[in-house]
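Could you take me on a short walk through this structure, telling me what to select next and what I will find there? I have it open in my viewer.

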Amino acid sequence: NGIILAINSKNNQKDAMKVINEHPYMVLRKNDFSCIKINWNDKISNMKEIAKELNIGLDSIVFFDDDPVNRELIKMSIPEINTIELPKDPSNYAQILRSLNDFNVLKITQDDTKRRIMYEQEQNRQKLESSTENLNEYLKKLNIKIKIKLDDKFSIARISQLILKTNQFNLTTKRYQEEEIKEFVDDQTIIVGCAEVEDKFGESGITNVFIIKKNSKEWVIDTFLLSCRIMGRGIEEAILGKILEIAKDKGIERIKANFILTEKNQPTKNFLKNYGFEKDGENWIFLLKNKIKIPDYLEVELNE
């Protein structure tokens, strides 16, 4: 269903992994988990490491632990995490898990079913980065390819899913339901775009969404967001640059964008300014006579 599984356990790693990999009644095996922390460190430190490695917010984590002491420690130290209270009888655990609303989704997308594989690929990227001397060399080695699709009706479910849940890299955090996205796609004055990203380690799926409202001389960026999994590789600059190129080719003179600060979208705070947008009251403006920047170490393809 696209739920990321991780282990935070105080134990001898060798012993625990033997049970996970060999016990005849163990349903989940090593490859089902996207992050495994089995050691004698405190669970608070492990939890922060898990969030860092998976590049997710602590408020996206649900914590199951049969030890009331560990549950209380997590609740006191990291209250953003949803720590589930459990009874002494473990036969009730499954029912409690099923009763939670945290894992309910209206529709499972293709990207959801591939999420575990995508996190495995991300760990390979991290290994490459740690073995490469500088960031530019690492980015060149990734062979990043971006495929932008405009008004693609087959991607509406995933587009809506990203809009509803993306917080960190999201200029406005506006939320639109699937039916609203369908209306936007059919509206000739609005562009609904999304981008698929792949590199040498595999596909990251649809990880970007943008919504543009068109006027005769000006386009307005209503929504621009990026999955936190692919932040920091120049992908956001490349997609924005492609939007600007498309607008310029159609005779548009300027692009207007908004940034609405929230508690969670701090990573987006300087994005427009760093790209070259200038503040104009409550808006950010980019004049299309100015230089449009697209990083040269990646490839951008447009499918209209």
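Start by selecting isoleucine 3, in this predicted model, and look at how much of it is uncovered. Its relative accessibility is 39%, so isoleucine 3 counts as partly exposed, because that class lies between 20% and 50%. You will find isoleucine 3 in the segment before strand S1, which spans 6-10.

Now add Leu5, Val27 and Leu28 to your selection. Together with Ile3 they make up a nonpolar patch on the surface, and the accessible area of the four is about 330 Å².

Next stop: the aromatic rings. How many aromatic pairs are there? The count is seven. For one pair, select tyrosine 176 and phenylalanine 184: their ring centres are 4.9 Å apart and their planes meet at 85°, so this pair is edge-to-face; the angle needed for that label is over 60 degrees. Are these two residues buried or exposed? Tyrosine 176 has 10% relative accessibility and therefore counts as buried. Phenylalanine 184, at 15%, counts as buried too.

Then select Phe169, Phe224 and Phe271, which form one aromatic cluster.

Finish with two lysines that sit over rings. Pick lysine 293 along with tyrosine 275: the charged end of the lysine is over the tyrosine ring, 4.9 Å from its centre. Then move to lysine 200 and phenylalanine 201, where the lysine lies over the face of the ring, at 5.7 Å from the ring centre.

Terms used
Residues are numbered from 1 along each chain as its sequence is written. This is a predicted model: local features need pLDDT of at least 70, side-chain atom pairs count only at pLDDT 80 or more; totals for chains, interfaces and linings use all residues. Side-chain values use heavy atoms; hydrogens and water are left out. Rings of Phe, Tyr and Trp (its six-membered ring) pair if their centres lie within 6.5 Å; planes under 30 degrees apart count as stacked, over 60 as edge-to-face and the rest as tilted. Buried means under 20% relative accessible area, exposed over 50%, partly exposed in between (1.4 Å probe, protein chains only). A charge sits over a ring if NZ of Lys or CZ of Arg is within 6 Å of the ring centre and within 35 degrees of the ring normal. Patches are made of residues with over 30% relative accessible area and no salt bridge: like charges are joined within 9 Å, nonpolar side chains (Val, Leu, Ile, Met, Phe, Trp, Tyr) within 5 Å. Accessible areas come from the Shrake-Rupley method with a 1.4 Å probe; for residues, only the protein chains shown count as cover. A salt bridge is a side-chain nitrogen of Lys or Arg within 4 Å of a carboxyl oxygen of Asp or Glu. Helices (H or I, at least four residues) and strands (E, at least two) are DSSP runs, numbered from the N terminus.
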